[in-house]
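Colleague: I have not seen this structure before, and I would like to learn how to read it with some care. Could you take me through it feature by feature?

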Amino acid sequence: YDLSGASIAQKLTNISTRALAGAGDATLIAGVVVGGSAPKRLLIRAAGPALTQFGLTGVLAKPQLTVISENKVVAQNTGWSTSGDAVAIAEAAARVGGFPFASGSDDAALLLNLSPGAYTAQVTGGASSGVVLVEVYELP
């Protein structure tokens with residue numbers, strides 16, 4: 001998706017994909033490229049249990065979110081509220097209009113400052129599989 005049409009100052013607010021994810025070949029992968037010359041602050045989330053509030057069943061019980069660049073793990077999360085920046089994650093989600101994750105849920109989220117380059121956000125489910133939503137938000 002190219003945002004360079006109307007204005008150079010355009011920003012991507014959010015992109016998300018809902019799919020079945022599990023292990024191995026069932027890994028859900030979202031590609032993200034940070035352009036320009038300065039780092040960008042991104043909120044990346046993997047919603048499984050949180051999707052039940054919308055009536056979905058068969059959700060991925062414990063999404064495992066890993067951000068990778070150049071075959072190196074940049075960051076990982078399972079259980080967003082156990083993260084040291086859980087409060088900042090919740091505040092960032094509210095600021096960009098993301099639906100809330102319940103405290104203590106097994107949904108995953110990362111708040112990252114990423115340098116220009118190519119990244120993948122990979123969502124797996126360990127030995128289980130289910131429906132998951134992977135989201136990438138550029139923060140203001």
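Modeller: What follows goes from the sheet to the salt bridges, then to the nonpolar cores and two single residues. Please keep in mind throughout that this is a predicted model.

Colleague: Let us begin with the sheet, then: what is the order of the strands in the open sheet, and how do they pair?

Modeller: A sheet is read by asking which strand pairs with which, and in which sense. Here an open sheet of 4 strands runs in the order 1-8-3-6, and its pairing is antiparallel.

Colleague: Which strands are the edge strands?

Modeller: An edge strand is recognised by pairing on one side only, and in this sheet that is the case for strand 1 (14-21) and for strand 6. From one strand to the next, the twist averages 15°.

Colleague: How many bridges join strand 1 to strand 8, and which residues could I look at to follow the pairing?

Modeller: Strand 1 and strand 8 run antiparallel and are joined by 8 bridges. To follow the pairing, you could take S16, whose bridge partner in strand 8 is E135, and then L20, whose bridge partner in strand 8 is V131. Strand 8 also pairs with strand 3, again in the antiparallel sense, over 6 bridges, and there A47 has L133 of strand 8 as its bridge partner.

Colleague: Why is strand 8 described as largely enclosed?

Modeller: The reasoning goes through burial, residue by residue: since 9 of the 9 residues of strand 8 are buried, the strand is largely enclosed by the rest of the structure.

Colleague: I would now like to turn to charged side chains. How many salt bridges does a search of the whole structure find?

Modeller: The general idea is that side chains of opposite charge can pair when their charged atoms come close. In this model, a search of the whole structure finds 3 salt bridges. One of them is formed by E138 and K40, whose closest N and O atoms are 3.5 Å apart. Because E138 lies in strand 8 and K40 in strand 3, this pair ties together parts that are 98 residues apart in sequence.

Colleague: Are E138 and K40 buried or partly exposed?

Modeller: The cut-off for buried is under 20% relative accessible area, so E138, at 15%, counts as buried, while K40, with a relative accessible area of 28%, is partly exposed.

Colleague: Where do R45 and E135 lie, and how far apart are they along the chain?

Modeller: The side chains of R45 and E135 meet in a salt bridge at 2.7 Å, N to O. R45 is in strand 3 and E135 in strand 8, so that the pair links distant parts of the chain, 90 residues apart. Both R45 and E135 are buried.

The side chains of K62 and D106 also meet in a salt bridge, at 3.5 Å, N to O. K62 lies in the loop between strand 3 and strand 4, and D106 in the loop between helix 1 (86-96) and strand 6, so this pair ties together parts that are 44 residues apart in sequence. K62 is partly exposed, with a relative accessible area of 38%, and D106, at 31% relative accessibility, counts as partly exposed too.

Colleague: Which residues have the most contacts inside the largest nonpolar core?

Modeller: A core is read by asking which residues belong to it and which elements supply them. The largest nonpolar core has 22 residues, and those with the most contacts inside it are L42, I44, L65, L112, V123 and V132. The elements that give two or more residues to this core are strand 2 (28-34), strand 3 (40-47), strand 4 (64-69), strand 6 (108-114), strand 7 (117-124) and strand 8 (130-138). Apart from it lies another core, of 20 residues, among them L43, F101, A109 and Y137.

Colleague: Which residues does V132 touch?

Modeller: Leaving aside residues up to four places away in sequence, V132 touches several residues, including T17, R18, A21, L28, A46, L51, L60, P63 and V123.

Colleague: And what surrounds S69, which residues does it touch?

Modeller: S69 is found in strand 4 and, at 15% relative accessibility, counts as buried. A polar atom of its side chain lies 3.0 Å from the backbone oxygen of A118. Not counting residues up to four places away in sequence, S69 touches V74, A118 and Y119.

Colleague: Lastly, where is A88 found?

Modeller: A88 is found in helix 1, and at 29% relative accessibility A88 counts as partly exposed. The C-alpha atoms of A88 and T66 are separated by 19 Å, with the two residues 22 apart along the chain.

Technical notes
Residues are numbered from 1 along each chain as its sequence is written. This is a predicted model: local features need pLDDT of at least 70, side-chain atom pairs count only at pLDDT 80 or more; totals for chains, interfaces and linings use all residues. Side-chain values use heavy atoms; hydrogens and water are left out. A nonpolar core is a set of buried Ala, Val, Leu, Ile, Met, Phe, Trp, Tyr and Cys residues joined through side-chain atoms within 4.5 Å. Buried means under 20% relative accessible area, exposed over 50%, partly exposed in between (1.4 Å probe, protein chains only). Contact means heavy atoms within 4.5 Å. Two strands pair if DSSP finds at least two bridges between them. Axes are lines fitted to C-alpha atoms, for helices over the stretch in contact, and angles run from 0 to 180 degrees between N-to-C directions. A polar contact is a pair of N or O atoms within 3.5 Å; within protein, one must be able to donate a hydrogen and the other to accept it, and residues adjacent in sequence count only if both atoms are side-chain atoms. A salt bridge is a side-chain nitrogen of Lys or Arg within 4 Å of a carboxyl oxygen of Asp or Glu.
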